[in-house]
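Here is a friendly walk through one structure, from a few backbone details to a ligand and a pocket. Keep the model open beside the text as you read.

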Amino acid sequence: MKPNSISLDPRVIGGKASYQILIGSIVPRPIALVSTQSPEGLGNLAPFSFFNGVASNPPAVMISVARNSDGSKKDTLKNIESNGEFVVNSVGEWMIEAVNQCSAQYPYGIDELSQVGLTALSSERIKPVRVAESLIHFECRALHHYEVGDGSEGSATIVIGEVLLFHVSSSVYREGKILLEPLHAISRLAGKSYGKISEVFDLPRPKLIKPSP
Ligand SMILES: Cc1cc2nc3c(=O)[nH]c(=O)nc-3n(C[C@H](O)[C@H](O)[C@H](O)COP(=O)(O)O)c2cc1C
């Protein structure tokens with residue numbers, strides 16, 4: 001063990017304490033505002049920060065949907081399991097309060113989108129709607145599901161989805177690239193803390209280096 005460091009065994013500290021270590025250490029995390037639709041056609045919207053890109057050919061993203069504290073599945077997961085469709089909507093500074101409000105536990109079938117005052121926009125390839133306030137939308141179809149844990153609290157299902165269609169606002173798009181500044185992306189930190197991007201620096205990638213003999 002390194003001096004002045006604490007070793008914590010997840011089996012000893014348990015799931016809740018492990019969660020605190022994970023969300024405090026894995027920072028900043030991007031936020032996916034995920035819209036889905038139930039088999040009855042009811043919309044659902046929730047934020048996920050255990051979210052990332054995983055491949056570019058095909059373009060694919062992952063979200064990790066934890067179980068509710070009673071072990072039941074979140075509405076997002078139920079909907080994706082029923083039809084495989086979801087939209088990842090980007091989160092800008094102007095919408096973070098509404099996004100946070102979406103994470104309240106609304107009863108199944110209640111559409112958080114209208115409850116929190118966001119605006120629906122039809123998707124082109126799938127049924128779940130897009131969020132008009134977001135500058136980027138990925139229309140996705142689930143490719144894989146991976147179960148992590150035994151289904152009790154703290155267990156999660158990782159959903160990997162292929163991006164069928166990108167929608168990018170012209171305000172953040174130039175010559176095939178996304179402009180960082182007008183995106184005003186928000187990241188999740190630990191607890192109730194969030195981050196804005198306040199300083200950016202460039203670091204060129206190293207060229208092929210011959211190892212010294
Ligand atoms: C910024 C933010 C990020 C979140 N990230 C996750 C996450 O990665 N995984 C997860 O299961 N829940 C996450 N949550 C909690 C869910 O959004 C919350 O449980 C929500 O009620 C799920 O909604 P649903 O049942 O409609 O799917 C997050 C909440 C917030 C505010």
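## Ile26 and the loop before β1

Ile26 sits in the loop that runs between α1 (10-25) and β1. The model is a predicted one, so it is worth reading this and what follows with that in mind. Is Ile26 buried, exposed or partly exposed? Its relative accessible area is 44%, and because buried means under 20% and exposed over 50%, Ile26 counts as partly exposed. For a sense of distance, try Glu97: the two residues are 71 apart in sequence, and their C-alpha atoms are 22 Å apart in space.

Stay in this loop for a moment, since Pro28 is also found between α1 and β1. The peptide bond that joins Val27 and Pro28 is cis, with an omega of about -10°.

## Another cis bond

Most peptide bonds are trans, so a cis bond is a good place to pause. Where else does the chain have one? Asn57 and Pro58 are joined by a cis peptide bond, and omega there is about 5°. Pro58 belongs to the loop between β4 and β5.

## Positive phi at Glu175 and His184

Most residues other than glycine have a negative phi. With that in mind, look at Glu175, which is not a glycine yet has a positive phi of about 50°. Glu175 lies in the loop between β11 (173-174) and β12 (177-178). Is Glu175 buried or exposed? With a relative accessibility of 76%, Glu175 counts as exposed, because the cut-off for that class is over 50%.

His184 is likewise not a glycine, and it has a positive phi of about 50°. You will find His184 in the loop between α5 and β13. His184 has a relative accessible area of 29%, so it is partly exposed. From His184 to Pro206 there are 22 residues in sequence and 29 Å in space, C-alpha to C-alpha.

## Gly195 in β14

Now move on to strand β14, where Gly195 lies. Is Gly195 buried or exposed? Its relative accessibility is 13%, and since buried means under 20%, Gly195 counts as buried. Ser169 is 26 residues away from Gly195 in sequence, and the two C-alpha atoms are 22 Å apart.

## The ligand and its shell

Which residues are closest to the ligand? The shell has 18 residues, and the closest are Asn44, Phe50, Ala66, Lys74 and Thr76. By class, 8 of the shell residues are nonpolar, 6 are polar and 4 are charged. Three elements, β3 (43-48), β5 (59-66) and α2 (75-83), each supply at least two residues of this shell. Of the elements, β3 gives the most, with 4 residues.

Oxygen atoms of the ligand take part in several short distances. An N or O atom in the side chain of Asn44 is 2.8 Å from a ligand oxygen. For Ser103 it is a backbone N or O atom that lies 3.0 Å from an oxygen of the ligand. Glu112 brings a polar side-chain atom to 3.3 Å from a ligand oxygen. How much of the ligand does the protein cover? On its own the ligand has 650 Å² of accessible area, and the protein covers 89% of it.

## The second largest pocket

The last stop is the second largest pocket, which holds about 620 Å³ of space. It is lined by 28 residues, and those closest to its centre are Pro30, Ile31, Phe51, Leu183 and Ala185. What classes make up the lining? There are 20 nonpolar, 6 polar and 2 charged residues.

Several elements each supply at least two residues of the lining, among them β1 (29-30), β4 (51-56), β6 (85-89), β9 (136-148) and β10 (156-168). Also included are α5 (180-183), β13 (186-188) and β14 (194-196). Which element gives the largest share of the lining? That is β4, with 3 residues.

Note on methods:
Residues numbered from 1 in each chain as written. Predicted model: local features only at pLDDT ≥ 70, side-chain atom pairs only at ≥ 80, totals over all residues. Heavy atoms only, no water. 1 Å grid on protein atoms, 1.4 Å probe; cavity = no way out; pocket = protein on both sides within 12 Å on 5 of 7 lines; lining within 4 Å. Points joined across faces, edges and corners; volume = space filled by probe spheres on them. Nonpolar A, V, L, I, M, F, W, Y, C, P; charged D, E, K, R; others polar. Near = heavy atom within 4 Å. Polar contact = N/O pair within 3.5 Å; in protein donor to acceptor, adjacent residues only side chain to side chain. Areas by Shrake-Rupley, 256 points an atom, 1.4 Å probe, with all protein chains shown as cover. Buried < 20%, exposed > 50% of the residue type's maximum accessible area, 1.4 Å probe, protein only.
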